[in-house]
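Opened a new page for this one. I want to go through the cavity, the pocket, the cores and the strand pairing, in that order.

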Amino acid sequence: MFIFNFNQKKAMKKLLSIGCLILGMMFISTTTATAQDGQIKIGPGLIYGSEVESLGIKVDGYYSINEEFRIGVDLGYYFPDKTTIFGTEFKTNYFAINLNGNYIFYNEDELMAYGLAGINILSISTSVGGTSDSASETGLNLGAGLEYALDFGSLFGELKFAGIGGDADQLVLGAGVRFSIK
C-alpha cells in the first residue's frame with residue numbers, strides 16, 4: 001500500500017479536468033482530421049498494477065499526429081480493496097490518469113509496435129469506518145506496447161512503469177481493444 005504525505009484534492013480535480021479537456025479536444029478534432037494523420041482510436045481495456053495489487057478497467061483515446069507520433073489520455077479505475085477487521089471496514093480506491101505520447105517504431109501489415117512516455121497521476125482514497133481521506137501522486141510513465149489490427153478494431157497490450165519518480169511507482173500491464181472513429 002502507498003503512503004502519501006500530503007493532500008492534493010484541488011490539484012487532482014484540476015488535473016482530471018485537464019485530462020478530460022484533452023480527450024474532448026481529440027473528439028472535436030475529428031471533423032478536421034485527414035485519413036492517416038489525425039486518426040483517432042478509443043477503447044476499453046483491463047489493467048493490473050503491481051503495487052496496487054488489483055485488477056482494474058480503463059478507457060483510452062489516441063490521436064495520431066503523423067505516421068510516427070500520437071498522443072493520448074487514459075483513465076483507469078482499480079477495483080476497490082475492502083477489508084473488515086473487528087467490525088470496522090477499511091476501503092481503498094485507486095484512480096489513474098495517464099497523459100502519454102507514443103513513438104511508433106514498427107508499423108507493417110496488421111502489427112504496430114510503439115514506445116510510450118508520459119505523465120501518471122494516481123489518486124488514492126481511503127475510508128476507515130466513517131472517516132475518509134484522499135491524496136494523489138504524480139510521476140512519469142515509460143513503457144512499450146503492441147497493437148494488432150483486426151476487421152473491427154485493434155487489439156493492444158502494454159507494459160509500462162508508471163509513477164516513476166513518485167511514491168506510487170509500479171509496473172502496469174494493460175490489454176484491450178481500440179476502435180477507429182476517424
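**Entry 1: cavity.** I started with the residue classes around the largest cavity: its lining has 8 nonpolar, 4 polar and 3 charged residues. Note to self that this is a predicted model, and everything below is read from it. How many cavities of 30 Å³ or more are there? The count comes to 1. I then looked up the space in the largest cavity and got about 90 Å³. Its lining takes 15 residues, and closest to the centre I find Tyr-78, Ala-96, Asn-98, Asn-120 and Val-172.

Next I asked which strands build that wall. At least two lining residues come from each of strand 3, strand 4, strand 5, strand 7 and strand 8. Strand 3 gives the largest share, with 4 residues.

**Entry 2: pocket.** I moved on to the largest pocket, which holds about 340 Å³ of space. I found 23 residues lining it, and those nearest its centre are Gln-39, Lys-41, Asn-107, Met-112 and Glu-147. Two or more lining residues come from each of strand 4 (88-108), strand 5 (111-128), strand 6 (131-149) and strand 8 (170-180). By class I wrote down 8 nonpolar, 8 polar and 7 charged residues for this lining.

**Entry 3: cores.** Which residues make up the largest nonpolar core? I listed 11: Ile-47, Val-52, Tyr-78, Tyr-94, Ala-96, Leu-122, Ile-124, Ala-135, Ala-162, Ala-168 and Val-172. Strand 4 and strand 5 each supply at least two of this core's residues. Another core, of 5 residues, lies apart from it, and includes Ile-104, Met-112, Tyr-114 and Leu-116.

I cross-checked the names against the earlier entries. Tyr-78, Ala-96 and Val-172 belong to the largest core, and these three are also among the residues closest to the cavity centre. Met-112 sits in the other core and is one of the residues nearest the pocket centre.

**Entry 4: pairing around strand 8.** I traced the partners of strand 8 next. Strand 1 (residues 40-49) runs antiparallel to strand 8, with 7 bridges joining them. Here I picked out Ile-47, whose bridge partner in strand 8 is Gly-174; Ile-47 is also on my list for the largest core.

Strand 7 (residues 154-164) pairs with strand 8 too, antiparallel and over 9 bridges. I noted Lys-160 opposite Val-172 in strand 8, the Val-172 that I had already met by the cavity centre. These two strands make a hairpin with 5 residues between them, and in it Gly-165 has a positive phi near 95°.

**Entry 5: pairing around strand 3.** I finished with strand 3. Strand 2 (residues 54-64) pairs with strand 3 (residues 69-85) in the antiparallel sense, over 9 bridges. Gly-61 has Val-73 in strand 3 as its bridge partner. Their hairpin leaves 4 residues between the strands.

How many bridges link strand 3 and strand 4? I get 15, again for an antiparallel pair. Ile-85 stands opposite Thr-88 in strand 4. The hairpin between strand 3 and strand 4 has 2 residues between the strands, and Phe-86 in the turn shows a positive phi of about 50°.

Notes:
Residues are numbered from 1 along each chain as its sequence is written. This is a predicted model: local features need pLDDT of at least 70, side-chain atom pairs count only at pLDDT 80 or more; totals for chains, interfaces and linings use all residues. Side-chain values use heavy atoms; hydrogens and water are left out. On a 1 Å grid over the protein atoms alone, a cavity is a set of points where a 1.4 Å probe fits but cannot get out, and a pocket is an open set with protein on both sides within 12 Å along at least five of seven lines; lining residues have an atom within 4 Å of a point. Grid points are joined across faces, edges and corners, and a volume is the space filled by probe spheres set on the points. Ala, Val, Leu, Ile, Met, Phe, Trp, Tyr, Cys and Pro count as nonpolar, Asp, Glu, Lys and Arg as charged, and the others, Gly among them, as polar. Two strands pair if DSSP finds at least two bridges between them. A nonpolar core is a set of buried Ala, Val, Leu, Ile, Met, Phe, Trp, Tyr and Cys residues joined through side-chain atoms within 4.5 Å. Buried means under 20% relative accessible area, exposed over 50%, partly exposed in between (1.4 Å probe, protein chains only).
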